[in-house]
Amino acid sequence: MAEFFAPGIKQNTTMSKPATGPLSAQDRAWVEDIYGRILIKMKAEAGRIGSMIPYTTNKVGRYEDVESQEWGLGFWTNGFWPGMLWQMYEATADESYRKAALGVEERLNALLDSPEKVDHDVGFLFLPTSVANYRKTGDPEGRRRGLLAASLLFSRYNLDGHFIRAWPDSMAEMAQTMGNGDVRGWMIIDCLMNIPLLYWASEETNDPRFAKVAVSHAKTAQQYIVRPDGSCNHIVAFDPDTGEYLTNPRGQGYQQGSSWSRGQSWAVYGFALSYRHTRDESFLNTAKQCAHYCIANLAANDWLPLVDYRQPAQPLKYDSTAAAITAAGLLEIADHVAEMEKPLYIKAALRILQACEKKFCNWDPEADSIVGGGTFFYHDPDGTNTEVPIIYGDYYFIEAVLRLKGKSLFIW
């Protein structure tokens, strides 16, 4: 297993020391203040929400359960609320967070009996739930569910194209709006955050096949998704029968060849995670390449992420979720570079979080959600998915702050 994993990864259930070494006293005080606000906000939210599964807020600022919405139980974001609960349990040892997280996990278990209802995002669903539970508590049921989810993800691998298929045929109509409706040959940048489920499964079972598929997918992403300047395609389409490269559809950004910011954030974090699990230096170098592209664009825009780094000047559209994910990814990179490199990534992450908090955060304990300003995709005809609270914005914001505190549970 040495070719895939560095010693001790399995035991690394918490992140390393607080990432505050290069920060000023003022910045450290900011981290402490925001951590205190998170404690108050999350205690109030968890009391109201419990084992509901939220996505965004309604017109009166309240979460509703996804099963009462069009998204349903299998929607890809449904692991983030329990992920927040596990993070808070790690930080506080408050049993109410653990019990609520287990309630969501029990609900998501139904997906494992209906594999047609899930796609490559089983990683997003089961890493922050079942695998987090197992890592933290040793619960064998969490392990069982995690391994079943990993097997579903493993089964999506295209042998000829060397990639994990992203979406089911039911997504073909939506995919047609992005330039190509044959989703059988699609891989997307987001999946770099799902393949840690395969790395974990290989480690847990001592079976290298899972990790080999993860590495193969990540190598294909390096070749076809990442551009020489560190920007990324969202989607790459291959012939599903031969594996031949066909095109790179527009995806959720402004246009083909542009730079969708959340996709960029998945690249920063995802390649860094592949380095964590494999110690393949090429993955760390790719993560840094994508990170430098993001840092340059963010610094030029007051540390606030546009929905697409190559979007028109007007209308001005932001995506706070890309900010939070990028910050967490930069802190992951900081875990793996030499001491003299760390300040670049830690300070950039902090500036992003500070800008995001100032513009988008709502700390009222009586209101649901922390981070507003999330945008699901650039071309949003009715505006209902533009600059709104989205649950994974909250998750990654909390994870990043807890990383800075040295209190984060290892999820990915």
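1. A good place to start is the pairing of strand β4 with strand β5 (residues 245-247), which is antiparallel and runs over two bridges. In this pair, Phe238 stands opposite Tyr245 of β5. The two strands make a hairpin, with six residues lying between β4 and β5. If you look at the turn, you will find Gly243 with a positive phi of about 80 degrees.

2. Before going further, please keep in mind that this is a predicted model. The protein chain has an average pLDDT of 94, and 95% of the residues reach at least 70. The stretch to treat with care is residues 1-13, where the pLDDT is below 50. In the model, this stretch still has 32 contacts beyond near neighbours in sequence.

3. Back to β4, which covers residues 235-238. On its other pairing, β4 joins strand β3 (residues 186-188), again in the antiparallel sense, over three bridges. Here Trp186 has Ala237 of β4 as its bridge partner.

4. Where do the side chains of β4 point? Ile235 and Ala237 go one way, while Val236 and Phe238 go the other way. In a regular strand, side chains alternate between the two faces of the sheet. Despite pointing in opposite directions, these four residues of β4 are all buried.

5. Now to the helices. Helix α4 (residues 122-137) and helix α7 (residues 196-205) have axes that come within 9 Å and cross at roughly 40 degrees. An angle over 35 but under 65 degrees counts as oblique, so α4 is oblique to α7. On the α4 side, the contact is made by Val122, Gly123, Leu127, Val131, Tyr134 and Arg135. From α7 come Pro196, Leu197, Trp200 and Glu204. Sorted by class, this contact has seven nonpolar residues, one polar and two charged.

6. How many residues of α7 are buried? Nine of the 10 are, so this helix is largely enclosed by the rest of the structure. The buried set is Pro196, Leu197, Leu198, Tyr199, Trp200, Ala201, Ser202, Glu203 and Glu204. Both Glu203 and Glu204 are on that list, which you may like to check in the viewer.

7. What covers the buried residues of α7? The cover includes α4, α5 (140-154) and β2 (163-164), along with α8 (208-224), α9 (261-278) and α10 (281-299). Finally, just after α7, Asn206 takes a positive phi of about 60 degrees.

Key:
Residues numbered from 1 in each chain as written. Heavy atoms only, no water. pLDDT = per-residue confidence, 0-100. Contact = heavy atoms within 4.5 Å. Axes fitted to C-alpha atoms, helices over the stretch in contact; angles between N-to-C directions. Parallel < 35°, antiparallel > 145°, perpendicular 65-115°, else oblique. Nonpolar A, V, L, I, M, F, W, Y, C, P; charged D, E, K, R; others polar. Buried < 20%, exposed > 50% of the residue type's maximum accessible area, 1.4 Å probe, protein only. Pairing = 2+ DSSP bridges.
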